[in-house]
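Let's take a friendly walk through a protein structure. Have the model open beside you, and turn it as you read.

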Amino acid sequence: MLLIPCPHCGPREEREFRCGGESHVARPSFAEAPNDEAFAEYLYVRTNPRGVQAERWHHLYGCRRWFNLLRNTVTHEITAVYPMGAPRPEPAP
Amino acid sequence: MPDDLTKAERPTPRSAFAEVAPRGLFERPGVVRLCDPGHRPKTLLRGRITSAWSAAAAGVLGVVPPEQPGVPAHSPVADILWLGPDEWLVLGTGPGSLAPILLRAGLAAAEVGDGLPDLELSGPRSRDVLAGGTALDLHPSAFPAGRATRTRLGRIGVLLQRVEDGGDGPVFHLHVERPWAGYLWSWLADAALDHPSNNESFPR
């Protein structure tokens, strides 16, 4: 089980959360140029890295807020927590 | 709709625990005691914290709603529990709901007492029984009397409030959304059977 540092409630157990998948997947501008290929990519294509990934998480059983975090998909290490809408933080050197 | 059919005119609804606990009481001596304290008004308060908003809320409630999780704010009028960064539960100390007064002060409030019943869990083993269903650290050093938080117990979400640490063990109030009230009561009563009671010569 992961211990996830909720930015509002502090560290809580993983079962209190729901994972919302990869962060920073930009929705194509449908109004300007309807494009099936771009929309299919937006819906189905994910980076799925071996290493650090940005994810959206929802503290469903706590404060019910969404936030982003950086998680290493190999080690499960969580290196950053940041608000929705914020850019992805640079990895520490 | 005629006035006599509005919510305020209706009689107090049947207890949310009536299906599973008609007497509103379950006791396993030496382990836990479950008690249905009955209906009381509760108000859900929403708002983005600004100095004007805090002043308006404090004007009605007598105290500024807490900005941090955990420790509630107390005043002679109400206890205010932190639920989220823009969400609070106001437990009025009077018999009536505070929602109309908060609404008149220009705050977003809703009366949720009918939909959010609570039960009282007390007894020497109440912490052990809860620990079987939640990952929260319930030791007094991490979750002392006076604290409240939403968490997950068994398969459902509850608002867990440690009211006091009495001589007979801690006293918890568990606020639960009404559809899950029966599940919560049954789960706690069932979990209490895992612990040996004073009345039994051998543990089951």
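## A loop residue with an unusual backbone angle

Our tour starts at Arg64(A), which sits in the loop of chain A that links β4 (52–58) to β5 (66–72). Keep in mind that everything here comes from a predicted model. Most residues other than glycine have a negative phi. Arg64(A), however, has a positive phi of about 60 degrees although it is not a glycine. Its relative accessible area is 35%, so Arg64(A) is partly exposed.

His24(A) also deserves a look. This residue lies in the loop of chain A between β3 (18–22) and α1 (36–44), and it is not a glycine either, yet its phi is positive, about 60 degrees. With a relative accessible area of 45%, His24(A) is partly exposed.

## The largest pocket

Which residues are closest to the centre of the largest pocket? They are Arg64(A), which you have already met, together with Leu116(B), Arg150(B), Gly157(B) and Glu177(B). The lining has 21 residues, and the pocket's volume is about 400 Å³.

Three strands of chain B, namely β6 (87–92), β9 (148–153) and β10, each supply at least two residues of this lining. The biggest contribution is that of β10(B), with 4 residues.

## A cavity inside

Rolling a probe the size of a water molecule over the atoms shows where empty space is left. How many cavities of 30 Å³ or more does the structure hold? There is 1, and the largest cavity contains about 30 Å³ of space.

From chain A, Cys9(A), Arg12(A) and Gly62(A) line this cavity, and from chain B the lining residues are Trp82(B), Leu83(B), Ala148(B), Thr149(B) and Arg150(B). Strands β5 (78–84) and β9 of chain B each give at least two residues to the lining. The largest share is that of β9(B), with 3 residues.

## Helix α4 of chain B

Now find helix α4 of chain B, made up of residues 181–192. Its 12 residues reach 17 Å from the first C-alpha to the last, close to the 16 Å expected at 1.5 Å a residue. The buried residues in α4(B) are Ala181(B), Leu184(B), Trp185(B), Leu188(B), Ala189(B), Ala191(B) and Ala192(B). Looking down the axis, you would see these buried residues fall within an arc of 165 degrees, so they line one face of α4(B).

Ser186(B) also belongs to helix α4 of chain B, but this serine is partly exposed, with a relative accessible area of 34%. Its C-alpha is separated by 9.5 Å from that of Phe17(B), although the two residues are 169 residues apart along the chain.

## The nonpolar cores

The largest nonpolar core has 27 residues. Among those with the most contacts inside it are Leu119(B), Leu184(B) and Leu188(B). Elements that give two or more residues to this core include β2 (32–35), β8 (118–122) and α3 (126–131) of chain B. Which element gives the most? That is α4(B), with 7 residues.

Zoom in on Leu119(B) to see some of this packing. Leaving aside its neighbours within four places in sequence, its contacts include Phe17(B), Leu34(B), Phe172(B), Leu184(B), Trp185(B) and Leu188(B). There is also a second, separate core of 24 residues, which includes Phe67(A), Leu45(B), Ala57(B) and Leu107(B).

## Helix α1 and strand β3 of chain B

In helix α1 of chain B (residues 51–61), are Trp53(B), Ser54(B), Ala57(B), Val60(B) and Leu61(B) buried or exposed? They are buried. Seen down the axis of α1(B), the buried residues fall within an arc of 130 degrees, so they line one face of the helix. Ser51(B), Ala52(B) and Gly59(B), on the other side of α1(B), are exposed. After α1(B) comes Gly62(B), with a positive phi near 85 degrees.

The buried residues of α1(B) pack against β3 (42–46), β5, β6 and α2 (99–104) of chain B. Strand β3 of chain B is home to Thr43(B), which counts as buried at 1% relative accessibility. Leaving aside neighbours within four places in sequence, the contacts of Thr43(B) include Trp88(B), Leu89(B), Val90(B), Leu102(B) and Val112(B).

Methods:
Residues are numbered from 1 along each chain as its sequence is written. Chains are lettered from A and ligands numbered from 1 in the order in which they are written. This is a predicted model: local features need pLDDT of at least 70, side-chain atom pairs count only at pLDDT 80 or more; totals for chains, interfaces and linings use all residues. Side-chain values use heavy atoms; hydrogens and water are left out. The expected span of a helix is 1.5 Å times one less than its number of residues. Buried means under 20% relative accessible area, exposed over 50%, partly exposed in between (1.4 Å probe, protein chains only). The arc is that of the directions from the helix axis to the C-beta atoms. A nonpolar core is a set of buried Ala, Val, Leu, Ile, Met, Phe, Trp, Tyr and Cys residues joined through side-chain atoms within 4.5 Å. Contact means heavy atoms within 4.5 Å. On a 1 Å grid over the protein atoms alone, a cavity is a set of points where a 1.4 Å probe fits but cannot get out, and a pocket is an open set with protein on both sides within 12 Å along at least five of seven lines; lining residues have an atom within 4 Å of a point. Grid points are joined across faces, edges and corners, and a volume is the space filled by probe spheres set on the points.
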